[in-house]
Amino acid sequence: MPVAVIEAKAETEDPLKGMQQAKGYADCKRFNVQYVFATNGHRYGEFDKTDQLPDGPFLFPEFPTHDDLTTRYSKDTGVDIAKPEAAMLFMADSAAYTKPRYYQDAAIRAAFEKILRSEQKGSPARVLLSMSTGSGKTVVAANLLWRLHEAGRLTKPALFLCDRDELREQAYEKLSNAFPKGSVGIVKLEKGKNAAKNAKVHIATYQTLGLDDKDEGYASFLTEFYPNNSFSIIIIDECHRSAWGRWAEVLKRNPDAIQIGLTATPRQLRESQSQTADDAAITANNVTYFGEPVYEYTLIQAQEDGYLAACEIVRLKPSVDWQTFTRQEVLAAKPVDARTGLPAKEEDIKPAYNAPHFDDDLLIPERIAAMCNDLFHRLCASGGPEQKVIIFCTRDIHADRVAMQMQRLYALWCKEKGQAPKEHYAFKCTAEGGSDLIEVMRGSGERCFIACTVDLLATGVDIERLNAVVFFRYLQSSITFYQMVGRGTRIDEPTKKYKFWLYDYTGVTELFGTDFITRPPRGGRGGDGPPPPGEPLPIVEISGLPVEITPQGHFILMRREGRDVPIPVEEYRQEMIRRVLAEAHTLNEFRSLWIETQKRRQFIDHLIGEHYSPEVIRELSGLVDCDYYDLLAHFGYHSAALKRHEREAAYLKTHSSWFTSVDEKAAIVLRGVGHQFGAGGTDALESELLWEVPEIKRVGGLDALKIIGKPVDVMREAKQRLFGV
């Protein structure tokens, strides 16, 4: 079980260099460890999360022993790892997920520490994990439950509770991989019985348990099949979206269970007037109920780590969105009912309409056409119109109009190109219909490209190859916004999708970095829900307005003062390059730094530690085939940005005389260095696997280099030649 991070430094460096309080604390949080050590092999320094102070230097022989660290860890964390209950901390992951990402393991350990501290105090074990959409929360749940099972803690079944069928199916797949066959069951009624009765892990939706039923049917399935305290562990998936009481009944009936909330957006909730006192105590605030998140992994961290796709924000503004239309102005425009086409009644027209009313209460066809036209041309300019895109619309009638307009633009484009249109290019997908096309959109590269929705695709649907998320609607909820953005964050290796576009036509990206506070839902129309009974309220439509789309700039997300902040892409790049130039003033200095493994790794760590991600810039600049060396040399020192295979070819050609001048076996190794760079970049040259490459291993690897000098010196020269071409 890891309790510390060790940073190795060159022998000649000060071991305390970089041991600032802020960096130490950030590393402790990121890896969920208690200590950070740094050493040059002779002396060491340390940072302790408890007192948040760096200390040292100390002589390296005085480095804490295993027993010393064990005692310190127990004292500083309040977790007595000598007790049998602490066995969960030392259990291995499921065979299905033996290589979790560092943050997934950190999240599980943080959850276990909170559980153990709670149990030692005799208080209920309540845990909140906050991890960005796409970071693998379900894999975390699978390994967490498996470790608890191996530690003998699943004395009763575990319950995984979610709120949509899609999430249930995804959870079933992941959890079934982790446990033996038959150990995971979906809660449903089969021949009058609970189909999951004999399973160790039960997966249910709120609807299945009857928690969406009203009056006498409320919690019917839960009451019939699950007595109080039926579960040992309960995991609430996406608990921020269910925080108005649907999971409250399950938690209240199982007070002795370990209760874990998974969320991408921990939600602070305002008081609801309609809640009972008991419900309010549980659902008024996730943080109040579960406590502060024991571990957080943000969208920006995941993008910096390269686990989620980078996001390029394009802000745009329809010209009419700066206007407010009075009742008199609307009447002068000869308004009609958008549904019937009949003249609108004066009493149905509001005193005034501004941008947030557009497409909800006031429809402007020219505005819809201008936005669709602008988007279509942007798609054509960035890979072609046949890309996977979600457009978030205001309501169903708006989604219908947008889908029709996008389909029309595509048909005209196909006609101009002389090709047959593909099926279902643009389609509406809301509660009214179209959800059956989602699987087609996910699986096919030949059909179903543009999904026009309201809320239906905001959560629970993974479309890995999604290229763009588009906002044609206004939003006030940060939670809804982050969930919608999360649809585009997954990387798709087969299609080489490492970034996605976020087209913002309504200013919603201003919600980045705002507090996750959402008022309780009130009655009335909204989202994809069914309209209230009776006649639908009229939607006023006016035509004949000139509309233009004004570009507002390109932006990238960055973490500043603890908040997500969109800053201009060029400003981000310039700030990162200034940081590069501060460490290496010239290209020669940069090259010398780059070929020294320790210096290069520290240099990259310094960039990432200050929230500058070369990976993000590489993706946004379309230089994914370039090594970091060429990326930074290009923007920092104006050298050509060679692709990895181009640098490989230049190295082999330029230095062919060198290869022929040395021993034949050594030459094979040196050429192999070029081949491996072309395949995997600088990292491939610093991996132990380099010496397992067949062509290199066959001639003796390092022993072959000894024929012409010290291997470390020969490799340094090879790198100098490689990065000098």
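Hi everyone, let me start with one arginine: R644 sits in helix α21, which covers residues 644-654. Please keep in mind throughout that this is a predicted model.

What makes R644 worth a look is its charge. R644 is buried yet takes part in no salt bridge. The nearest side chain of opposite charge belongs to D625, and that is 4.3 Å away. The cut-off for a salt bridge is 4 Å between the side-chain nitrogen and the carboxyl oxygen, so at 4.3 Å D625 does not count as a partner for R644. What does the side chain of R644 reach, then? It reaches the backbone oxygen of V624, at 3.4 Å. If you click around R644 and leave out neighbours within four places in sequence, you will find contacts with R618, V624, D625, C626 and D627, and also with F677, G678, G680 and G681.

How far can we trust that region? The highest confidence in the protein chain is in α21, with a mean pLDDT of 97. At the other end of the scale is helix α8, residues 277-283, where the mean is 40, the lowest in the chain. Across the protein chain the mean pLDDT is 87, and 90% of the residues reach 70 or more. Two stretches deserve some caution. Residues 268-284 stay under 50, and the model gives them 35 contacts beyond four places in sequence. Residues 518-533 are also below 50, with 27 contacts beyond near neighbours in sequence.

Now, on to charges that do find a partner. How many salt bridges does the structure hold? There are 37, and I have picked three of them for today.

My first pick is K350 with D361, whose side chains meet at 2.9 Å, N to O. K350 is in the loop between β17 (336-337) and β18 (352-353), while D361 is in the loop between β18 and β19 (362-363), so this pair ties together parts that lie 11 residues apart in sequence. As for their surroundings, K350 is partly exposed, with a relative accessible area of 34%, whereas D361 counts as buried at 14%.

The next pick stays within one helix. The side chains of R573 and E570 meet in a salt bridge of 2.4 Å, N to O. Both belong to helix α16, residues 569-583, and at 3 residues apart they are separated by about one helical turn. In general, an α-helix has 3.6 residues a turn, so residues three or four places apart point the same way. Here R573 is buried, at 17% relative accessible area, and E570 is partly exposed, at 37%.

My last pick spans a longer piece of sequence. E686 and R600 form a salt bridge of 2.7 Å, N to O. E686 is in the loop between α24 (682-685) and α25 (694-698), and R600 is in helix α18 (residues 597-609), so the bridge ties together parts 86 residues apart in sequence. Which way do these two fall, buried or exposed? E686 counts as buried at 16% relative accessibility, and R600 counts as buried at 6%. There is a network here too: salt bridges with shared partners join R600, R601, D683, E686 and K719.

Let me go back to β17, which we met beside K350. An open sheet of 3 strands runs in the order β17-β26-β19, with mixed pairing. The edge strands, each pairing on one side only, are β17 and β19. Between β17 and β26 (residues 540-541) there are 2 bridges, and these two strands run antiparallel. To find the spot on screen, look for V336, which stands opposite E541 in β26.

Two more stops before I hand over. Helix α15, residues 478-485, is mostly covered, with 7 of its 8 residues buried. Those buried residues are S478, I479, F481, Y482, Q483, M484 and V485. At the N-terminal end of α15, S477 acts as a cap: one of its side-chain oxygens lies 3.1 Å from the backbone nitrogen of T480.

And finally, L128 is in strand β5, residues 126-131. L128 is buried, with a relative accessible area of 0%. Its C-alpha is 7.7 Å from that of Y295, although the two are 167 residues apart in sequence.

That is my tour; thanks for listening!

How values were computed
Residues numbered from 1 in each chain as written. Predicted model: local features only at pLDDT ≥ 70, side-chain atom pairs only at ≥ 80, totals over all residues. Heavy atoms only, no water. Helix = DSSP H or I, 4+ residues; strand = E, 2+ residues; numbered from the N terminus. Buried < 20%, exposed > 50% of the residue type's maximum accessible area, 1.4 Å probe, protein only. Lys, Arg positive; Asp, Glu negative; His and termini not counted. Polar contact = N/O pair within 3.5 Å; in protein donor to acceptor, adjacent residues only side chain to side chain. Contact = heavy atoms within 4.5 Å. pLDDT = per-residue confidence, 0-100. Pairing = 2+ DSSP bridges.
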